[in-house]
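Good morning, and thank you for coming. I would ask you to have the sequence and the structure open while I speak.

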Amino acid sequence: MKQAYLTIEANRPVTASVYRMDLRGPDLEEQRPGQFINIRLAGRFLRRPISVYDWEGDRVTVLYKTVGAGTEQLSRMHAGETLDVLTGLGNGYDLEKAGERPLLLGGGVGVPPLYLLARRLRTMGREVTAVLGFNTREEVFGEAEFRALGCRVQVTTADGSVGKRGFVTDALPDSYSYFYTCGPEPMLRAVYRATNTSGQFSFEERMGCGFGACMGCSCRTITGQKRICREGPVLEKEEILWAD
Amino acid sequence: MGRLSTDLCGIELDNPVIPASGTFGFGWEFAEWYDINCLGTFSFKGTTKDPRFGNPTPRIAECASGMINAVGLQNPGVEQVIREELPKLKQVFRKKVMANVSGFSVEDYAFTCERLDGEEQVGWLEVNISCPNVHGGGMSFGTEPVAAAEVTRAVKKVTHKPVIMKLSPNVTDIADIARACEDAGADGISLINTLQGMRIDLRTRKPVLKNVMGGVSGPAVFPVALRMVWQVCRAVQIPVVGMGGISTAEDVLEMMMAGAAACEVGAANLVDPCACRRIIEDLPAAMDKYGIKSISELRGGH
């Protein structure tokens, strides 16, 4: 965990509501796949937690969806402006468990944290399959980027306007060594039921601080109480206790 | 005595800045961000007799210049606090800590305070009779002078440490409650806990918080807190710890001009993990600007 002042290098839309922001700063330390950063915005009291899409050296990239006034404000910021950011938050995915043929399942704005994960797994020489699910053609992003890493990529859309019609769970390969997933909770529940190996889930929750102080994002697990921001956002399949 | 030092119930603080309970964990979590020995002290996470998970999520909402929480006193229980949290804290904090205690009956409060009375790391007991987020306890003790006095007396019986009663602002007459605590033997008063509030999500048309209502904190509540600290300082003789929306050195000075002996800083820690260090560092220049030679000269200046 570290506070860093990062300069916006680029901030542009990749779909109608998803933006890509490239940030750079000398204080930046390693960001692991599945970790997140927490951005302070002028006039907003709480920071905005956003998962890391990519990291290298003094650069970090996030992809975020404009869902409210805060993220809309973020989308209007320009290159050259500086942000106060808490970095290196959360536990991140455990790459050691991937096996030879890991499966990545991302839904909508749950796709971004899987990119750095895919890149790392490819560097480790693993055969990566990525299933990227969206509602409709206009919302699709990331396909080319995952392909460029050498992943096998399957896009699904709920309305069938591109890729396979249905949800990510309708496009699971026959066999895989392990899985990693991130997406809306209904998707995560479906993935939990449809998968036949162990795996890791990245969860979202409304956060206060994002670094473990306020107990705002606590959840129950089989292994005890956890804070999504600190002992999460990634939980193992075997420890998940779904709330009703 | 240093320029920033102040006395709180007979224990000298290097400075008046105290991270508030519920925003600073058990301290050691923040030692990852900075050396917490720069603090006056801090008030640890509200502790109850038994472990508590707290309320269902979402527990957090935002508002203009502040936030609303309905955490509901999540804590590992007093035995684990003594067994695990205090030893961990000892590794990173040399000063006396303020132990924040909550309960659901007079006996609960007394039990937890008695357990903590035996811990030499604990300097003060801050007794929370003001948590708005639990049912059948918490705030209900802080909204009735008779009940507030009863808790105060029960706690005073089981401890030799200074007892600071933490009051709720969600009352008709805060001065009445403060006087009842003082008459029952309290050594100090701290206020304000959070103000009750809520938000509704326009998309779902439902309350943002699963608990529906929560406690508002942050700069939005500062003027209300300042007013109540002013009123309580004029109603009692015992020291008052002021809190509610403090986020700058200037806020600390203003709160002390209202009569506070020290200040707690809450929500600011959650936005800027180094907020309290920054406030302490900023204090000397702010004092210079307003011609204040020492923090202690502000006390009783009314």
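In helix α8 of chain B, the buried residues are A275(B), C276(B), I279(B), I280(B), L283(B) and M287(B). Please keep in mind throughout that this is a predicted model. As a general point, an α-helix has 3.6 residues a turn, so residues three or four places apart point the same way. You may wish to follow the buried positions of α8(B) along the helix with that in view.

The helix itself covers residues 275-289 of chain B, 15 residues in number. From the first C-alpha to the last, α8(B) reaches 21 Å, close to the expected 21 Å at 1.5 Å a residue. Where does α8(B) bend? The bend, of about 40°, is at L283(B), and a proline, P284(B), follows within four residues. L283(B) is also one of the buried residues of this helix. After α8(B) comes G291(B), with a positive phi near 65°.

What covers the buried residues of α8(B)? The cover includes two helices, α6 (249-257) and α7 (268-271), and two strands, β3 (17-19) and β15 (262-265), of chain B.

Let me turn to β15(B). Its residues A262(B) and E264(B) point one way, while C263(B) and V265(B) point the other way, and all are buried. Please note that this includes E264(B), which is buried along with its neighbours in the strand.

Which strands pair with β15(B)? One is β3(B), which pairs with β15(B) in the parallel sense over 3 bridges. Within that pairing, V265(B) has P19(B) standing opposite. Another is strand β14 of chain B, residues 240-243, which runs parallel to β15(B) and is joined to it by 3 bridges. Here M243(B) is the bridge partner of E264(B).

I now move to chain A and its domains. Chain A is divided into domain 1, residues 2-89, and domain 2, residues 95-202. The C-alpha centres of these two domains of chain A lie 23 Å apart. Their contact takes 13 residues from domain 1 of chain A and 11 residues from domain 2 of chain A. On the domain 1 side, β4 (48-56) and β5 (59-65) of chain A each supply at least two residues. The largest share of that side, 5 residues, comes from β4(A). By class, the side of domain 1 of chain A that touches domain 2 of chain A has 8 nonpolar, 3 polar and 2 charged residues.

The two chains also touch each other. How many residues does each chain give to the contact? Chain A gives 22 residues and chain B gives 24 residues. On the side of chain A that touches chain B, strand β13 of chain A, residues 218-221, contributes the largest share, 3 residues. That side of chain A divides into 11 nonpolar, 6 polar and 5 charged residues.

One residue of chain A may serve as an example of an intermediate environment. A194(A) is found in helix α4 of chain A, residues 185-194. Is A194(A) buried, exposed or partly exposed? A194(A) is partly exposed, because 14 other C-beta atoms lie within 10 Å, whereas 20 or more would be required for a buried residue and 12 or fewer for an exposed one. Leaving aside residues up to four places away in sequence, A194(A) touches T169(A) and L172(A). Q154(A) is 40 residues from A194(A) along the chain, and their C-alpha atoms are separated by 17 Å.

Finally, I come to the backbone. In general, most residues other than glycine have a negative phi, and most peptide bonds are trans. Which peptide bonds are cis here? In chain A, the bond from G232(A) to P233(A) is cis, with omega near 10°. P233(A) lies in the loop between β14 (224-227) and β15 (234-236) of chain A. In chain B, a cis peptide bond joins T57(B) and P58(B), with omega about 0°. P58(B) is placed in the loop between β3 and β4 (60-63) of chain B.

Positive phi values also deserve a word. R205(B), although not a glycine, has a positive phi of about 60°. Its place is in the loop between β11 (200-201) and β12 (206-207) of chain B. R205(B) counts as exposed because 7 C-beta neighbours lie inside 10 Å. V212(B) is not a glycine either, and its phi is positive, about 70°. V212(B) lies in the loop between β12 and β13 (214-217) of chain B. With 12 C-beta neighbours inside 10 Å, V212(B) also counts as exposed.

Notes:
Residues are numbered from 1 along each chain as its sequence is written. Chains are lettered from A and ligands numbered from 1 in the order in which they are written. This is a predicted model: local features need pLDDT of at least 70, side-chain atom pairs count only at pLDDT 80 or more; totals for chains, interfaces and linings use all residues. Two residues are in contact if their C-beta atoms, placed from the backbone, lie within 7 Å. Ala, Val, Leu, Ile, Met, Phe, Trp, Tyr, Cys and Pro count as nonpolar, Asp, Glu, Lys and Arg as charged, and the others, Gly among them, as polar. Domain bounds come from an automatic or database domain assignment. The expected span of a helix is 1.5 Å times one less than its number of residues. The bend at a residue is the angle between axes fitted to the seven residues ending there and the seven starting there. Two strands pair if DSSP finds at least two bridges between them.
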